[in-house]
Amino acid sequence: MRRTVAAVILAATLPLTACSGNDGDSSKDTTPKAAGSSFDCDNPNGDQASWVEHCADKKPAPAEQPSTGLAFGKSYTWPDGLKVSVVDAHIFTNYTEFEEPEKGKTDFRVRLKLTNTGKTTVKLDGLSTIIEGATNGGEAASTEFENGSNPLEGRLAPGVTVTKTDDSVLGTKYGRKIVVTVQRASKNFDLEFPEFTGTIQYA
């Protein structure tokens, strides 16, 4: 607010100053330069106040990006440009001869879409999930079914998009509505863990 008032006062006094001053060189360009013309809106470490001033009309501020309450299909982007979304979750039935369902349990597979919008390769081994029942509690146990599996591992080059799988087992008494928290390891433990909510669909 102070910055806006100051700008209004300055604009009001400029014409008076021009009239009362001496007859100097009128060829000088007194037009103010466009604000924020040299500010890097893509710098995640920039000053937040300056970002809002110069870039608010271009894209949502990093601090405003929600990391909770995300529905399946919505995405979250970490500061280095790795974007993640939970595509869907389906009951798993495509067992091999050595796999079988357990009574009172729901076997399901979550699909995660990952896009590297950054400038450097990203290791996917640092990603993992916590999956909880969203209705009346319960936490799913991690597992891995053989058919169609594509777990969170390897590296993702800039500009590349992949769909990975994450398999789990949850007690049927906890229902089929779940919250998938995507964790990511970091040196300073300063990264957000986005939470996605949705329903396990029938195969």
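## A sheet and its aromatic neighbours

I178 has G198 in strand β11 as its bridge partner. That is a handy place to start in this predicted model.

The two strands around this bridge are β10, residues 177–184, and β11, residues 195–199, and they run antiparallel to each other with five bridges between them. Both belong to an open sheet of four strands, ordered β1-β11-β10-β6, in which the pairing is mixed. At the edges lie β1 (70–71) and β6 (127–133), each of which pairs on one side only. As background, strands of a sheet pair through backbone hydrogen bonds, either parallel or antiparallel.

Now to the aromatic rings. Searching the whole structure turns up four aromatic pairs. Two of them are set out here:

| Pair | Arrangement | Centre to centre | Angle between planes |
|---|---|---|---|
| Y76 and W78 | edge-to-face | 5.7 Å | 80° |
| Y95 and F145 | edge-to-face | 6.0 Å | 85° |

The Y95 and F145 pair joins distant parts of the chain, 50 residues apart: Y95 is in the loop between β3 (82–91) and β4 (105–116), while F145 is in the loop between β7 (141–143) and β8 (155–156). Are these two residues buried or exposed? Y95 counts as partly exposed because its relative accessibility is 21%, whereas F145, at 7%, counts as buried. Ring pairs also bring in F92, giving a cluster of F92, Y95 and F145.

As for the other pair in the table, both Y76 and W78 are buried. W78 has a charged companion too: the charged end of R184 sits over the W78 ring, 5.1 Å from its centre.

How values were computed: Residues are numbered from 1 along each chain as its sequence is written. This is a predicted model: local features need pLDDT of at least 70, side-chain atom pairs count only at pLDDT 80 or more; totals for chains, interfaces and linings use all residues. Side-chain values use heavy atoms; hydrogens and water are left out. Two strands pair if DSSP finds at least two bridges between them. Rings of Phe, Tyr and Trp (its six-membered ring) pair if their centres lie within 6.5 Å; planes under 30 degrees apart count as stacked, over 60 as edge-to-face and the rest as tilted. Buried means under 20% relative accessible area, exposed over 50%, partly exposed in between (1.4 Å probe, protein chains only). A charge sits over a ring if NZ of Lys or CZ of Arg is within 6 Å of the ring centre and within 35 degrees of the ring normal.
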